[in-house]
Amino acid sequence: MQRREKIRELLKTGDIGREVEVKGWVRTKRGNNKIAFIAMNDGSVIHNIQVVADIANFDAEVIKSISTGACLRVTGVLAESMGKGQSVEIQAKEIEVYGLADSSTYPLQKKGHSLEFLRSIAHLRPRTNTFGAVFRIRHALAFAIHNYFNEMGFYYLHTPIITGSDAEGAGEMFRVSILDPKNPPLKKNGEVDFSEDFFGRETNLTVSGQLEGELGALALSQIYTFGPTFRAENSNTPRHLAEFWMIEPEMAFYDITDNMDLAEDFLKYLVKYILENNMDDLEFLNKMYDNELIERLKSIVSDEFVRIGYTEAIEILEKSGKNFEFPVKWGVDLQSEHERYLVEQHFNKPVILTDYPSEIKAFYMKQNEDRKTVRAMDVLFPRIGEIIGGSQREENYEKLEGRIKELGIPMKDLWWYLETRKFGSAPHSGFGLGFERMVLFVTGMSNIRDVIPFPRTPKNADF
Ligand code: ATP
Ligand code: MN
């Protein structure tokens with residue numbers, strides 16, 4: 001076992017007089033030619049531990065060379081701290097420099113950089129308080145997601161990232177190919193001959209694991225996926241990434257009401273988990289970025305989500321007297337401005353919208369008796385808009401096939417999906433939660449690029 005202890009644990013102990021070892025990065029150094037105060041952080045917690053070095057006991061040149069960003073190993077004795085806001089500090093005995101950080105070129109020398117600037121140094125931004133807090137919460141959310149489904153008896157199913165179908169219907173796809181773009185093999189008619197490509201066919205990065213997830217649900221009853229998804233849409237918004245992570249539970253024998261109940265319970269569990277386990281980070285984010293964050297998170301846990309139909313939502317929006325950028329009428333797809341009006345101004349609670357017009361929803365959603373709407377359900381959150389999109393699935397072979405034909409989706413790509421409706425079909429439902437939208441909501445950050453370590457967006461994949 002390592003002797004090194006995490007700062008998170010040390011700050012909790014009251015073991016005054018005990019000899020300890022810490023390793024981490026210098027956040028600040030101050031002092032004079034007799035004594036140095038070095039604040040160190042190892043990423044285990046938002047707080048730093050203060051190291052006090054009596055310069056007489058060290059090589060003064062070494063102490064001088066230490067500046068913000070340097071990485072150190074320190075051993076010493078835990079002492080009660082005189083400084084405010086910290087319980088213990090370390091009276092240093094030994095300081096080993098693992099790596100210096102030249103103060104004239106280290107980009108994080110000063111505090112208070114803009115989030116935009118920090119995006120341009122994505123290789124170093126995890127060392128800031130903000131990104132430390134965000135990435136710890138991101139981790140905790142991922143952990144809580146697996147915990148939730150495991151407790152609920154769901155199985156984690158790994159669906160493919162490279163897919164042969166381009167009919168998933170959720171958005172534009174990125175092609176996966178090893179053909180030489182300058183000199184691809186051509187068919188007689190001049191088109192690219194993908195039969196010579198790696199998989200002997202056209203392939204793309206998946207936009208969703210749902211269709212394969214359904215295959216799992218129709219055997220294991222309840223599954224979930226949690227993996228990366230890719231969309232080649234030019235959506236330059238604070239809520240869209242080209243590469244994002246999605247959680248997609250899929251449940252046999254669930255109707256749309258069961259689906260809504262699960263979505264609401266799941267979201268509340270996740271928020272509650274973070275309130276119970278990440279309060280230090282939440283308090284920091286609440287102070288620095290969003291003074292209503294903690295209150296908002298608590299209200300998610302306590303408020304019952306509103307459940308209304310799309311048609312009723314359109315009526316509310318029409319009567320609102322608001323001048324929306326995108327005008328509303330029955331049949332339009334709701335934009336973020338409409339979703340946020342409903343959630344933030346009209347109801348002041350999360351809203352689950354159901355029964356959308358079939359034209360604006362995917363082919364696999366269960367058709368309602370009115371033949372105009374489908375059993376879709378979107379969960380809308382404050383500050384985010386749509387955080388979950390889901391539905392009861394069409395389990396009837398003829399109806400599903402009819403819809404696929406109507407939309408002109410190439411049947412050859414979906415034969416395997418249709419077969420589940422031919423052999424032992426069952427009523428079933430599922431939804432997709434955008435992981436980064438959830439991290440965005442829970443951290444109170446305002447741009448999705450700031451809640452994923454390496455954001456991929458149009459014209460940006462630098463790191
Ligand atoms: P939107 O209308 O907001 O673009 P969508 O309806 O295209 O989303 P779905 O296909 O329903 O999205 O995907 C399920 C969930 O995945 C969404 O509710 C959202 O939380 C998340 N999501 C979708 N697209 C993106 C994206 N480009 N970046 C990050 N998250 C996304
Ligand atoms: Mn959606």
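The following paragraphs walk through the predicted model, from its overall layout to selected side chains.

The chain is built from 13 helices and 16 strands. Along its principal axes, the C-alpha trace covers about 85 × 55 × 45 Å. Of the 463 residues in the chain, 51% are buried. The accessible surface amounts to about 22500 Å², and carbon and sulfur atoms supply 50% of that area. When contacts with a separation of 6 or more are considered, 67% of them join residues 24 or more positions apart.

Charged side chains offer a good way into the structure, which holds 32 salt bridges. One of these joins Glu-250 to Arg-393, with 2.9 Å between the closest N and O atoms. Glu-250 belongs to strand E11 (residues 243-252), while Arg-393 sits in the loop between strand E15 (385-392) and helix H11 (397-406), so this salt bridge ties together parts of the chain that lie 143 residues apart in sequence. Glu-250 is buried, at a relative accessible area of 1%, and Arg-393 also counts as buried, at 2%.

The loop between E15 and H11 holds a further charged residue, Glu-395. Glu-395 forms a salt bridge with Lys-366, and here the closest N and O atoms are 3.2 Å apart. Lys-366 is found in the loop between E13 and E14, so to speak across the sequence from its partner, with 29 residues separating the two. Both Glu-395 and Lys-366 are buried.

A local example is provided by Glu-344 and Arg-340, whose closest N and O atoms are 2.8 Å apart in a salt bridge. The two residues are separated by about one helical turn, because they stand 4 residues apart in helix H10 (residues 336-347). Glu-344 is partly exposed, with a relative accessible area of 30%, and Arg-340 is likewise partly exposed, at 28%. Elsewhere, salt bridges link Glu-21, Arg-73, Glu-94 and Glu-96 into a network.

Arg-449 presents another situation. This arginine lies in the segment after helix H13 (435-443). Arg-449 is buried but has no salt bridge, and the nearest side chain of opposite charge, that of Asp-450, is 7.5 Å away. A salt bridge would call for a side-chain nitrogen within 4 Å of a carboxyl oxygen. What does Arg-449 contact, leaving aside its neighbours within four places in sequence? Its contacts are Arg-119, Arg-125, Asn-236, Thr-237, Pro-238, Pro-455 and Thr-457.

Aromatic side chains come next, with 21 aromatic pairs in the structure. Phe-198 and Phe-199 make an edge-to-face pair, with centres 4.8 Å apart and planes at 75 degrees to each other. Phe-198 is exposed, at 58% relative accessibility, whereas Phe-199 is partly exposed, at 43%. Phe-305 and Phe-381 also form an edge-to-face pair, at 5.8 Å centre to centre and 80 degrees between the planes. This pair connects distant parts of the chain: Phe-305 is in the loop between helix H8 (293-302) and strand E12 (306-309), and Phe-381 is in strand E14 (residues 373-381), 76 residues apart. Both Phe-305 and Phe-381 are buried. In addition, ring pairs gather Tyr-148, Phe-149, Phe-154, Tyr-156, Tyr-224, Phe-266, Tyr-269 and Phe-431 into a cluster.

Phe-198 and Phe-199 appear again on the surface, where they form a nonpolar patch with Ile-161, Ile-162 and Ile-178. Together, these five side chains' residues have about 510 Å² of accessible area. Within the patch, Ile-161 is placed in the loop between strand E6 (155-156) and strand E7 (162-163). Ile-161 is partly exposed, with a relative accessible area of 38%.

Finally, two residues deserve a look for their backbone angles. Ser-221 is not a glycine, yet its phi is positive, at about 75 degrees. Ser-221 occupies the loop between helix H5 (210-220) and strand E10 (222-230) and is partly exposed, with a relative accessible area of 29%. Asp-355, also not a glycine, has a positive phi of about 55 degrees. Asp-355 is part of strand E13 (residues 351-357), and at 27% relative accessibility this aspartate is partly exposed.

Key: Residues numbered from 1 in each chain as written. Chains lettered and ligands numbered in written order. Predicted model: local features only at pLDDT ≥ 70, side-chain atom pairs only at ≥ 80, totals over all residues. Heavy atoms only, no water. Buried < 20%, exposed > 50% of the residue type's maximum accessible area, 1.4 Å probe, protein only. Patch = residues over 30% accessible without salt bridge, like charges linked within 9 Å, V, L, I, M, F, W, Y side chains within 5 Å. Areas by Shrake-Rupley, 256 points an atom, 1.4 Å probe, with all protein chains shown as cover. Lys, Arg positive; Asp, Glu negative; His and termini not counted. Contact = heavy atoms within 4.5 Å. Phe/Tyr/Trp six-rings, centres within 6.5 Å; stacked < 30°, edge-to-face > 60°.
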